[in-house]
Amino acid sequence: VVLNTVGNHDAYTTNGVYATDKTVVYNEIISPFVSGWGVTQPENASANGYCYYYKDIGAVRLIVLDSVYWDSAQKAWFETVLADSATNSKHVVVACHAPFSANLCTMVNTTWNTGFLSRDATIMSAEAITCVKAFKTAGGMFVAWLQGHVHGDEVVTVDDGSQLALCNNSFSNRGTKVYKTS
């Protein structure tokens, strides 16, 4: 199963217009595929355009965030899902499209400068890192961040080296054939 996170190119609709209404992106990128993913979405995800969710895979909880349309509702949902992860002894991996703002991380190995990030992605970086720090402080088991966007390989640390982020190339459902095998 391929699980998607919304990226900056996905925010452009099929007619090439940047979608300020996140329900348009949800309907084009998430909705056609989500029923086959076996994921848990926030309540009213479709109606509100919430392009984030989680999937439990054994003892691991993969949390997928939307770094394009980050807002207070997603932050609150993320905090709740992290708390539930701690309660249920899940090891957490968090995936999002945009890498962290360069001023928030230490480059370990990189082939690309993080450069420009949208305002939402910059705010998301700081807030999401803080959420994970609180999760870890409360005894939660955090594994790593998985990120894309950079068109190269990048390994960074945040939160004084206690959170590892692995960045690599990614792809979109738009224009890409996605095949599911059993």
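Student: Is D71 buried, partly exposed or exposed?
Tutor: This is a predicted model, so take the number as computed from it. The relative accessible area of D71 is 24%. Buried would need under 20% and exposed over 50%, so D71 counts as partly exposed.

Student: Which side chain does D71 meet in a salt bridge?
Tutor: D71 sits in the loop between β2 and α3, and its partner is in helix α1, 49 residues apart. That partner is buried, with a relative accessible area of 16%. The N to O distance is 2.6 Å, and the side chain in question is K22.

Student: How many salt bridges does the structure hold, and which residues are joined into one network?
Tutor: The structure holds three salt bridges. R61 pairs with D56, the closest N and O atoms being 2.6 Å apart, and D84 pairs with R61 at 2.8 Å. Shared partners make one network of D56, R61 and D84.

Student: Why does the pair of D84 and R61 tie together separate parts of the sequence?
Tutor: Look at where each one lies: D84 is in helix α3 and R61 in strand β2. As for burial, R61 is buried at 2% relative accessibility, while D84 is partly exposed at 30%. Because the two lie in those elements, the pair ties together parts whose separation in sequence is 23 residues.

Student: K90 is buried yet has no salt bridge, so which side chain of opposite charge is nearest?
Tutor: K90 is in the loop between α3 and β3. The contacts of K90, leaving aside neighbours within four places in sequence, include G58, R61, F135 and D56. A salt bridge needs the atoms within 4 Å, and the nearest side chain of opposite charge is 4.3 Å away: D56.

Student: Then which backbone oxygen does the side chain of K90 reach?
Tutor: There is no salt bridge for K90, but its side chain does reach a backbone oxygen at 2.6 Å. That oxygen belongs to G58.

Student: What about the aromatics: how are the rings of W37 and Y53 arranged?
Tutor: A search of the whole structure finds four aromatic pairs. In this one the ring centres are 5.3 Å apart and the planes are at 40°. W37 is in the loop between α1 and α2 and Y53 is in strand β1; W37 is buried at 5% and Y53 at 1%. With that angle between the planes, the pair is tilted.

Student: Which residues do ring pairs link into a cluster?
Tutor: One pair to look at is Y54 with W77, tilted, 6.4 Å centre to centre and with 35° between the planes. Y54 lies in strand β1 and W77 in helix α3, and both are buried. The cluster consists of Y50, Y52, Y54 and W77.

Student: Which residues have the most contacts inside the largest nonpolar core?
Tutor: That core has 39 residues, and the elements giving two or more residues to it include α1, β2, α3 and β5. I63 is a good example: beyond its neighbours within four places in sequence, its contacts include Y54, W77, F78 and V94. The residues with the most contacts inside the core are I30, I63, L65, F78 and W145.

Student: Zooming out, what share of the contacts with a separation of 6 or more comes from residues 24 or more positions apart?
Tutor: The chain has four helices and seven strands, and 45% of its 182 residues count as buried. For contacts with a separation of 6 or more, the share from residues 24 or more positions apart is 60%.

Definitions and conventions
Residues are numbered from 1 along each chain as its sequence is written. This is a predicted model: local features need pLDDT of at least 70, side-chain atom pairs count only at pLDDT 80 or more; totals for chains, interfaces and linings use all residues. Side-chain values use heavy atoms; hydrogens and water are left out. Rings of Phe, Tyr and Trp (its six-membered ring) pair if their centres lie within 6.5 Å; planes under 30 degrees apart count as stacked, over 60 as edge-to-face and the rest as tilted. Buried means under 20% relative accessible area, exposed over 50%, partly exposed in between (1.4 Å probe, protein chains only). A nonpolar core is a set of buried Ala, Val, Leu, Ile, Met, Phe, Trp, Tyr and Cys residues joined through side-chain atoms within 4.5 Å. Contact means heavy atoms within 4.5 Å. Lys and Arg count as positive and Asp and Glu as negative; His and the chain ends are not counted. A polar contact is a pair of N or O atoms within 3.5 Å; within protein, one must be able to donate a hydrogen and the other to accept it, and residues adjacent in sequence count only if both atoms are side-chain atoms.
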